[in-house]
Every structure is written in structure tokens, then in C-alpha cells.
Amino acid sequence: MSPIDRYQELMKTIREHMERYYDQDAPTITDQEYDALMQELKAMEKEHPEWVTPDSPTQKVGGSAKREAGVLVRHNVPMLSLSDVFSKEEVTAFVEDMQEQLEDPEFVVEYKIDGLSLVLRYEDGVLKLAETRGDGINFGEDVTANAKVIRDVKKKLKQPFPYLEVRGEVYMTNEDFEKVNERQEIAGKRMFANPRNCAAGTLRQLDTAVTKERGLSMFVFNIQQVRGGTFETHTQGYEYLKKQGVRVIEDYRVCHTADEVWEAICAIGENRGNLPYDIDGAVVKLNRIADREKLGATSKVPKWAVAYKYPPEEKEAKILDIEVSVGRTGRITPTAVFEPVRLCGTSVSRATLHNQDFIDQLDVGIGDVVKVYKSGEIIPKIREVVKEKRDSGVRRFQLPDTCPVCGTKTVREKDTADMKCPSPSCPAQVERRIINFVSRDAMDIKGFGTVYIEELVRRGFIQNIADIFELSKHRDQLIEEGIIGKEKNTDKLLDAIEGAKKRDAYQLLTGFGIPNVGKAAAKAVMKQFGTIPKVAEADTEQLVEVPDIGEVSAGCIRSFFADEDNQKMLRRLTEAGVNMERIVQEDESERFAGMTFVITGTLPEMDRKQAAELIEKNGGKVSGSVSKKTTYLLAGDNAGSKLAKANSLGVQVISEEAFLEMLKA
């Protein structure tokens with residue numbers, strides 16, 4: 001391949017990975033692999049500057065500005081990225097360069113949080129706007145509503161300026177990330193790859209209740225702009241912000257020499273494994289604001305700061321065992337147990353092997369010596385087998401073809417590498433099914449927490465969904481053993497269970513946890529068939545006639561109701577008096593049947609969730625993006641790019657007032 005062909009290929013590859021990282025929040029390579037590609041591209045451009053064009057990845061700051069959680073807004077101050085450095089020599093060169101240009105410069109060394117950049121604008125001390133990075137130069141996304149439910153975002157400052165703009169990083173602690181993925185798995189939804197992706201996706205989605213539930217956090221790392229006052233140094237700004245109750249980057253250090261800067265970088269590196277959140281480097285920046293203003297910035301990066309990227313740490317370890325477990329969704333997961341090694345400040349001895357395809361690709365077996373590293377500085381992973389250290393007796397590991405818990409023959413999920421236990425009565429899956437069944441989106445049995453479920457399953461009171469409605473038979477024993485609490489708490493939960501018997505049948509169908517059948521699909525199915533028994537009798541052809549139900553979903557529904565254990569469960573639910581019929585609401589209609597709406601902007605009288613519920617209640621569908629299939633764009637103030645796209649496609653645009661008139665018609 002010629003140099004110019006390699007250059008073109010590199011640009012294409014990097015652009016694809018930039019889109020996955022910045023726009024889709026779903027990177028497919030590690031930061032180190034991405035950095036290596038970018039370094040190669042920079043080296044080629046340094047050797048051939050005539051090749052460089054404005055659309056080169058080296059000339060771009062971030063991704064594109066999207067509209068999911070809010071309208072597009074123009075940046076007051078560009079949200080630039082940082083130049084990356086990878087060695088002590090490069091750090092020293094930066095410090096010496098600053099010392100040559102400035103008189104006795106001060107440096108601040110601080111954590112580089114791995115999250116999503118966010119700017120907060122305050123007017124007279126009141127939070128008025130929160131915006132994402134977007135393209136970094138011109139536009140970001142308005143995510144004010146979501147930002148206001150982040151626990152670290154101050155909505156009002158004690159000592160206000162006429163205008164203050166600060167920039168920070170929204171992130172997710174490892175503990176909160178694990179809780180979110182646990183809830184995703186319980187609900188049968190796609191799990192997030194890492195905390196950064198989860199934080200980014202959460203900040204950009206529409207429902208503020210989801211944002212609040214997921215527990216995002218935020219550190220402020222810079223004052224972008226201030227009117228009505230001045231700060232002489234970066235750290236002086238930090239002290240002001242701390243007095244306002246604003247969280248700033250922790251454990252920052254002020255340094256004067258290259259050795260001090262490097263010592264601070266090393267200290268952060270040694271401590272990164274002890275942090276409750278991910279960092280992807282250390283930032284070195286000038287402390288004095290006047291020095292920053294003197295140096296300025298390029299079109300992409302400030303000249304007064306760099307980001308040091310730590311090299312990936314990996315160590316060799318011998319695999320002692322490979323354990324097989326069954327998750328709450330029935331997925332069979334192999335986990336390698338190896339000799340403890342210390343990585344990023346913590347001791348690790350376990351790493352997932354994902355599935356049989358991954359095991360085959362690694363060619364790994366018990367007794368092998370493997371290279372272990374931490375993905376994102378937190379999740380232990382196995383990179384490869386050290387074949388030259390393999391003993392003659394080691395053989396590639398094979399997953400069992402039966403469930404290790406209940407003995408049922410396992411099946412491979414279509415179009416995936418996952419093996420699953422298909423038995424709905426498998427004890428390993430009972431907890432997950434019950435938690436999903438009582439959740440807000442399903443039967444909404446308030447007060448039925450995970451701790452109670454785990455204890456009731458462990459003690460044998462609950463073995464399947466129908467057992468929930470027979471707990472009242474064990475009231476005295478439950479009170480005596482204190483499983484739910486004393487008499488008052490026990491009766492409160494039993495009353496909630498009794499009340500759940502009257503729920504709409506779509507909630508019952510949702511609660512069954514049938515793969516590919518969520519709340520919206522359950523509503524559509526019940527609208528078509530009316531009762532659970534009729535759904536149970538429906539064949540695949542009848543099921544695929546339901547809007548939004550394809551062959552895969554139809555097959556899952558048929559498999560569920562064809563199962564003998566599930567048929568017994570249905571009979572018991574019926575005998576317990578659980579409602580099996582769809583409840584028709586008085587103001588329900590089909591006036592929007594066959595119509596697809598997209599909602600954008602800020603509506604005068606209602607929020608988007610209320611509008612979506614009205615559309616669905618009246619037979620319509622709500623989509624997140626404008627296309628030729630869109631019937632109406634319901635647009636409020638600051639409608640942004642979706643309005644432009646609707647106009648270009650000839651989609652009819654309506655106001656909230658016109659929408660309400662359509663409802664009355």
C-alpha cells in the first residue's frame with residue numbers, strides 16, 4: 001500500500017471510530033488503540049503537510065452536534081480538546097516550552113475524568129443552560145432538564161456573578177454503573193459497555209426520571225467565562241466554586257518544575273486504581289489566567305494545556321479455574337479465576353471470558369498463562385494466552401451443553417454468541433423474573449424491593465410469579481420470621497400485592513419478561529387481542545399482524561405460552577384473581593391510528609412524555625427521528641434540526657395548540 005493510500009485509509013478508519021465514540025457512545029476499540037491510529041496520522045501529516053485538509057480528524061475537536069435530549073445551542077466559548085502526550089520526555093518538553101515563553105509559570109496537575117464534557121451557564125447565580133460539547137466549535141446540545149437532576153449540579157450559587165460559565169465532566173461512578181447494568185439485565189435490555197458510554201447516553205436521552213435514577217455525577221474543571229469579576233488563577237477559581245458548593249476536580253497539585261509535574265502525574269497514576277470512578281489520564285495546565293490568554297489556542301486545542309495518557313498496564317497470571325455461572329437472564333457466563341495480580345493499584349483475580357467464541361478465539365484453557373489488563377483502568381480483561389508458557393496437558397475449555405444450575409440443555413441465541421438456559425423455572429433466573437414482574441413498568445407493586453425478593457426466593461416462598469399472589473397464605477410465618485418486617489410492613493406489602501391483581505393486562509404481559517416484548521409491544525398485543533388467554537392461543541401469523549411485532553417477537557410469545565410450566569402459572573394467576581383483560585380507558589380512541597409523530601422543542605403546556613402518552617392513547621406511534629414515514633412533527637420553541645429536516649422532507653409541522661385541537665376533533 002502506498003503512503004497516500006495508507007493516509008486515506010487511516011482517515012476513514014479514525015472518522016468511523018470518532019463517530020462511534022462521540023456520536024454513538026459505543027466505541028469498538030480501546031483508547032490506546034485509537035491513540036495509536038491518531039499518532040500515526042499525525043506523523044504522516046507532519047511529513048506531508050500538503051495532504052492536510054480541514055476535514056482531517058486531526059483538525060476536528062469532537063463529534064457532531066446531535067438532537068436527542070434538547071435543541072442545538074451555539075457555544076459562547078469553544079469546547080476544545082487537549083493535545084495528548086505519552087511520555088515523560090513530552091511532558092518535560094511542554095513544561096520547558098512554557099518556561100521559555102512565560103515568566104515563572106505555575107502548573108496545575110489534575111485528574112482527567114473519563115466522561116462527557118458539559119458546560120453550565122449561570123445568570124445572576126441561577127442555572128439557565130447546560131450544553132454538551134457537540135462539534136466543540138460551534139454547536140452543542142441543550143440538556144438543561146437532565147443536568148438539573150444531576151446531584152452535583154448546583155441550580156443556584158450563593159455568591160453570584162452577572163454571568164458565569166463553567167465546564168466540567170459528567171461521569172458515572174463504578175458503583176452506580178454496576179447498578180444501572182444490573183437493572184438493564186433484569187429488564188432484558190442491552191447493557192452498557194462502560195461507565196462513560198452509560199453517562200453519555202443517559203445525559204442525552206429524553207426522560208429526566210431515568211437520568212435521575214441512574215445517578216450521574218459531575219466535576220467542574222474550568223471557568224470558561226465570567227462577567228462582573230475576575231480570577232487571577234485557575235486555583236483561585238476553584239476556591240470560589242468550592243465555596244458555592246460546586247464539586248471541582250479532587251486532589252489537584254500546583255507545580256513549578258518539570259520534575260514536580262512528573263511526580264504529580266506519577267502520583268495520580270499510582271492512585272487511579274483506588275478511585276471510585278474512571279480516569280483516562282492526567283491534565284497539565286497553566287495556573288495563571290493571564291498566561292493562558294497570552295498563549296491562546298489553535299483551532300482545535302489550547303496551547304496552555306496537555307493531557308498525559310497512561311500506558312496500559314498488563315501482567316501475566318496463571319489460570320487456576322474457569323467457573324460457569326447463570327445470570328438472571330439465563331445467560332451462561334464463563335469466568336477465568338487466576339493467580340492474584342496487582343493492576344492500577346488493586347488486586348484482581350477474575351475476568352470474564354464472555355462466551356465460547358471468545359474462548360475459542362483466545363484458545364484458552366485451565367492452566368494457561370495469560371496477559372491480564374484493566375479496560376478503562378477498572379475492568380479486568382484477558383488480552384492473550386502466552387503460548388510459549390503452555391504446559392503439554394492444557395486443553396481449550398468448552399462450555400457445558402447443559403445448565404450448571406438446573407441441568408436443562410442450553411441453547412445458543414440467534415445472531416449472538418451467547419449460550420442460555422431456556423428453562424423459565426431455573427432457580428438462577430427466578431429472582432430476575434420476579435424483580436422485573438414487580439417493577440414500575442410492569443405490575444408496579446410498590447415496596448416490593450430486591451432485598452425482600454432475594455430473601456423470599458432463598459427461603460422458598462417464591463419459586464415463580466404465581467407464588468407472589470399466595471404470599472398472604474404465609475402471613476403469620478412472614479411476620480414471625482421478620483422477612484419483610486413487622487406486622488405493619490408485611491401487611492402493607494400484602495395489600496400492595498392484592499391491589500396489583502387489578503392492573504391492566506398489558507402490565508401483566510410486560511411482567512412476564514418475554515424476550516423482545518417490552519411495555520410498548522405488550523400494549524400493542526393487548527390492544528389487538530384483548531385478553532391474555534387469547535394471546536396465549538394466537539399463532540405466529542396472527543401475532544405478526546400486530547403493529548411492531550415481527551417474527552422474532554412473535555416466536556418468543558409463542559414459545560412462552562407453549563411452555564407447560566408457564567401454562568400452569570397462568571392457571572394459578574387466574575385462580576388467584578389476577579386480571580387477564582385489557583382495561584379500556586374512557587378517553588381512549590383510534591383518531592391517530594396509522595400516524596407516526598415526532599416531538600421536538602419545548603412545548604408550552606406539557607412535556608414530551610405527556611404528549612407521547614396522549615398520542616399512544618389515541619392509537620398513534622411516537623418516533624425519535626424524522627423520516628419520510630413521519631406523519632406529523634409536533635414542534636415547540638427552539639425546534640432545531642428536526643424542524644429543518646421535516647421541512648426538507650415535506651413533513652407537516654404542527655404546534656401544541658393544533659395537536660390539542662386534533663385531539664378534540
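**Close-up 1. Helix 6, a mostly covered helix in a predicted model.** Everything shown in these views comes from a predicted model. Helix 6 spans residues 195–204, and 9 of its 10 residues are buried. The buried set runs through P195, R196, N197, C198, A199, A200, T202, L203 and R204. Keep A200 in mind, since A200 returns as a reference point in the next view.

**Close-up 2. S349 in strand 14.** Strand 14 covers residues 346–352 and includes S349. How far is S349 from A200, C-alpha to C-alpha? The two C-alpha atoms are separated by 30 Å, with these positions 149 residues apart along the chain. With a relative accessible area of 29%, S349 is partly exposed. If you skip its neighbours within four places in sequence, S349 touches A336, V337, F338 and P340.

**Close-up 3. Helix 8 and what its buried residues pack against.** Helix 8 takes in residues 234–243, and its buried residues are H234, T235, G237, Y238, Y240 and L241. Those buried residues pack against strand 3, strand 7 (163–171), strand 8 (217–227), strand 9 (253–255), strand 10 and helix 10 (289–295). After helix 8 comes G245, with a positive phi near 85 degrees.

**Close-up 4. The E110–K285 salt bridge between strand 3 and strand 10.** Two of the elements packed against helix 8, strand 3 and strand 10, are also tied together by a charged pair: E110 forms a salt bridge with K285. Their closest N and O atoms sit 2.7 Å apart. E110 belongs to strand 3 (residues 107–113) and K285 to strand 10 (residues 279–286), so the pair links distant parts of the chain, 175 residues apart. Are these two side chains buried or exposed? E110 has 1% relative accessibility and K285 has 4%, so both count as buried, the cut-off being under 20%.

**Close-up 5. Helix 12 against helix 13.** Helix 12 (residues 427–438) and helix 13 (residues 450–458) pack with their axes 10 Å apart, at an angle of about 140 degrees. That angle makes helix 12 oblique to helix 13, because only angles over 145 count as roughly antiparallel. The crossing of helix 12 past helix 13 is right-handed. On the helix 12 side the contact uses V430, E431, I434, I435 and V438, and on the helix 13 side T450, I453, E454 and V457. Sorted by character, the contact residues come out as 6 nonpolar, 1 polar and 2 charged.

**Close-up 6. The E455–R459 salt bridge.** The side chains of E455 and R459 meet in a salt bridge, at 2.8 Å from N to O. E455 is partly exposed at 22% relative accessibility, and R459 is partly exposed too, at 37%.

**Close-up 7. K664 and E661, a salt bridge within helix 24.** Here the closest N and O atoms of K664 and E661 are 3.9 Å apart. Both residues lie in helix 24 (residues 656–664), 3 residues apart, or about one turn of the helix. K664 is exposed, with a relative accessible area of 66%, while E661 is partly exposed at 44%. Elsewhere, salt bridges with shared partners join D360, D363, D368, K387, R390 and R396 into one network. For the whole structure, the salt-bridge count is 37.

How values were computed
Residues are numbered from 1 along each chain as its sequence is written. This is a predicted model: local features need pLDDT of at least 70, side-chain atom pairs count only at pLDDT 80 or more; totals for chains, interfaces and linings use all residues. Side-chain values use heavy atoms; hydrogens and water are left out. A salt bridge is a side-chain nitrogen of Lys or Arg within 4 Å of a carboxyl oxygen of Asp or Glu. Helices (H or I, at least four residues) and strands (E, at least two) are DSSP runs, numbered from the N terminus. Buried means under 20% relative accessible area, exposed over 50%, partly exposed in between (1.4 Å probe, protein chains only). Contact means heavy atoms within 4.5 Å. Axes are lines fitted to C-alpha atoms, for helices over the stretch in contact, and angles run from 0 to 180 degrees between N-to-C directions. Angles under 35 degrees count as roughly parallel, over 145 as roughly antiparallel, 65 to 115 as roughly perpendicular and the rest as oblique. A crossing is left-handed if the near helix is turned anticlockwise from the far one by less than a right angle, and right-handed if clockwise. Ala, Val, Leu, Ile, Met, Phe, Trp, Tyr, Cys and Pro count as nonpolar, Asp, Glu, Lys and Arg as charged, and the others, Gly among them, as polar.
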